[in-house]
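Trainee: I have a new model open on my screen and would love to walk through it with you. Could we take it one question at a time?

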Amino acid sequence: MIVFLGRIVHDTDAESKPDDDVSSISKSLDLQGSIESGDNTGVAGKDFGGLYSVKPLALIKPSGAEDIARVVKAASRTSHLTVAARGNGHSINGQAMADGGLVIDMRSTEENHFKLLTINGSPYIDVSGGALWEDVLTRCVSSFRLAPRSWTDYLSLTVGGTLSNAGVSGQAFRYGPQTSNVTELEVVTGKGEITVCSETQNSELFFGVLGGLGQFGIITRARVKLQPVPDMVRWIRVVYSEFEEFSRVAEFLVAQKEGESFDYVEGFVFSNNDDQANGWPTVPLDPDHEINLAHIPQTAGSVLYCLEVAFHYRNSDHPSTVDTAVSRILGRLGFVERMKFQVDLGYIEFLLRVKRAEEHAKANGIWDTPHPWLNLFVSKSDIVDFDRTVFKKMVKDGVGGPMLIYPLLRSKWDNRTSVVLPEGEIFYIVALLRFIPKGPSVEKLVAQNYEIVKWCIKEGLDFKLYLPHYQSNDDWKRHFGNQWTRFVERKASFDPMAILAPGQKLFKRTHQS
């Protein structure tokens with residue numbers, strides 16, 4: 001049974017242990033940072049998903065890697081304590097929680113590292129694992145006119161958090177996920193050891209931690225590749241009535257060489273109706289624009305498809321040069337006539353585009369409600385069947401938020417990391433990002449997630465959950481497939497007592513290494 005498919009859990013009655021005395025633990029730790037317990041741990045017992053709530057023993061705000069190492073070592077001296085690293089709390093299924101354990105607030109370390117380096121002529125930035133990507137962006141651009149190459153859509157996430165999963169957005173087709181854009185990490189392992197690792201130094205730990213779901217170590221520093229930034233972005237959306245045409249064009253774009261395609265390629269499904277959260281109003285980029293329904297083909301079904309692309313340029317580029325370059329690519333895309341929407345905006349404003357959606361959601365009171373999101377990687381060979389059943393039938397009326405779908409290239413991912421992917425060069429990311437009010441509908445949508453995953457398994461689709469969260473060992477084995485043995489061996493090497501990331505429900509805490 002997949003854990004996100006079950007009931008919403010509120011578990012605060014974990015059995016107390018004699019050595020759970022916070023004051024004695026605090027004295028033994030000798031932290032440079034601080035430790036909080038009781039009601040002050042509230043934030044550590046919940047996350048953005050809003051589906052789970054557990055109470056930790058303590059919330060620790062470390063000053064740096066040394067404090068984190070002390071915490072892990074202290075946990076190892078007990079028979080049961082676990083340690084969870086918490087970034088900005090955007091997990092969906094309690095992955096960053098520790099029931100009766102110690103939660104580390106990584107945000108307290110955000111200022112520890114920010115250093116520009118030039119290695120073999122290429123720029124890199126050393127940043128803290130607790131830094132937010134949005135801060136990395138603004139500081140790098142303002143200080144150096146440089147920025148990382150690969151992003152997530154939402155940037156109020158920590159560096160260590162996304163690197164522990166993958167980190168995917170519309171640039172990943174060209175540069176790979178964020179895990180493919182770091183060259184060195186500082187990690188606190190499950191043994192409490194502070195270790196610097198890279199492709200050539202402690203490489204098994206380096207690749208294990210990348211996409212490792214926090215199971216092998218806590219990322220305290222990352223060295224991230226940088227590149228010069230453009231000044232402006234032309235952000236464009238075009239519409240398709242047929243999935244086969246949408247997917248053909250999207251796959252064409254991600255396969256082109258740099259200079260022959262856009263700099264960002266994503267896509268989403270929207271309902272063929274006037275629903276404010278999932279219908280026609282979600283497509284135009286300018287609030288003063290709207291879809292002319294007369295242009296929607298009569299043959300269109302219950303859902304339509306939007307290809308979202310972006311073209312980078314500099315202020316010094318002549319407008320006609322930009323127009324010509326964009327038109328040359330658009331001319332090959334065969335979208336529905338007169339169904340093109342575009343705006344020009346600054347590079348930082350474009351990358352922070354979801355921040356505006358966050359502000360809107362907070363104003364409407366739905367940012368802090370439950371978010372039973374479902375994220376999957378689906379093989380190209382199965383994506384048409386997925387569309388036919390899931391998008392056209394199961395969620396044809398929408399999910400109360402964006403329904404993303406766009407292709408990625410397996411060759412841009414490093415198979416030495418812990419991330420698992422479907423077979424084949426092209427696969428799709430599918431994300432059902434639900435924003436819903438509290439109430440019975442939450443349980444129904446969690447159940448719908450279960451039905452979707454159950455259908456994928458029953459029909460033999462080649463898919464993987466992204467941001468996975470399972471409850472049974474068999475489900476985890478199926479998820480990792482032939483990489484399961486490697487994953488277990490890495491756990492035995494770097495966290496033999498299974499102290500780290502208990503919220504993933506992957507390994508049970510053991511008493512001795």
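Mentor: Happily; what follows is a set of questions and answers on this predicted model.

Trainee: Let's begin with the core. Which strand gives the most residues to the largest nonpolar core?

Mentor: The largest nonpolar core has 120 residues. Those with the most contacts inside it are Leu185, Phe262, Leu307 and Phe386. The strand that gives the most to this core, with nine residues, covers residues 303-313 and is β15.

Trainee: And how many residues are in the other core that lies apart from it?

Mentor: Val22, Ala74, Leu102 and Leu500 are among the residues of that other core. Its residue count is 24.

Trainee: Back to Phe386: which residues does phenylalanine 386 contact, leaving aside its neighbours within four places in sequence?

Mentor: Phe386 is one of the residues with the most contacts inside the largest core. With sequence neighbours within four places left aside, its contacts are Leu376, Val378, Phe391, Val430, Ile452, Trp455, Cys456 and Leu461.

Trainee: Now a helix. What span should α7 have, and what distance separates its end C-alpha atoms?

Mentor: Helix α7 runs over residues 243-255, which is 13 residues. The expected span is 1.5 Å times one less than the number of residues. That gives 18 Å, and the end C-alpha atoms agree, being apart by 18 Å.

Trainee: How are α7 and α11 oriented to each other?

Mentor: Packed helices are described by the angle between their axes and the distance between the axes. For α7 and α11 (residues 380-394), the axes are 11 Å apart and the angle is about 140°. Angles over 145 degrees would count as roughly antiparallel, and 65 to 115 as roughly perpendicular. The two helices are therefore oblique.

Trainee: Which residues of α11 are met by α7?

Mentor: The crossing of the two helices, α7 and α11, is right-handed. From α7 come Phe243, Glu244 and Glu251, and Phe243 and Glu251 are among the buried residues of that helix. On α11 they meet Lys380, Ile383, Val384, Asp387 and Lys392.

Trainee: Is glutamine 171 buried or exposed?

Mentor: Gln171 sits in the loop between α4 and α5. Its contacts, beyond neighbours within four places in sequence, include Arg149, Trp151, Asp263 and Tyr264. Buried means under 20% relative accessible area, and because glutamine 171 has 5%, it counts as buried.

Trainee: Last one: how far apart in space are proline 437 and lysine 355?

Mentor: Pro437 is in the loop between β19 and α12. In sequence, proline 437 and lysine 355 are 82 residues apart. In space, C-alpha to C-alpha, the distance is 20 Å.

Key
Residues are numbered from 1 along each chain as its sequence is written. This is a predicted model: local features need pLDDT of at least 70, side-chain atom pairs count only at pLDDT 80 or more; totals for chains, interfaces and linings use all residues. Side-chain values use heavy atoms; hydrogens and water are left out. A nonpolar core is a set of buried Ala, Val, Leu, Ile, Met, Phe, Trp, Tyr and Cys residues joined through side-chain atoms within 4.5 Å. Buried means under 20% relative accessible area, exposed over 50%, partly exposed in between (1.4 Å probe, protein chains only). Helices (H or I, at least four residues) and strands (E, at least two) are DSSP runs, numbered from the N terminus. Contact means heavy atoms within 4.5 Å. Axes are lines fitted to C-alpha atoms, for helices over the stretch in contact, and angles run from 0 to 180 degrees between N-to-C directions. Angles under 35 degrees count as roughly parallel, over 145 as roughly antiparallel, 65 to 115 as roughly perpendicular and the rest as oblique. A crossing is left-handed if the near helix is turned anticlockwise from the far one by less than a right angle, and right-handed if clockwise.
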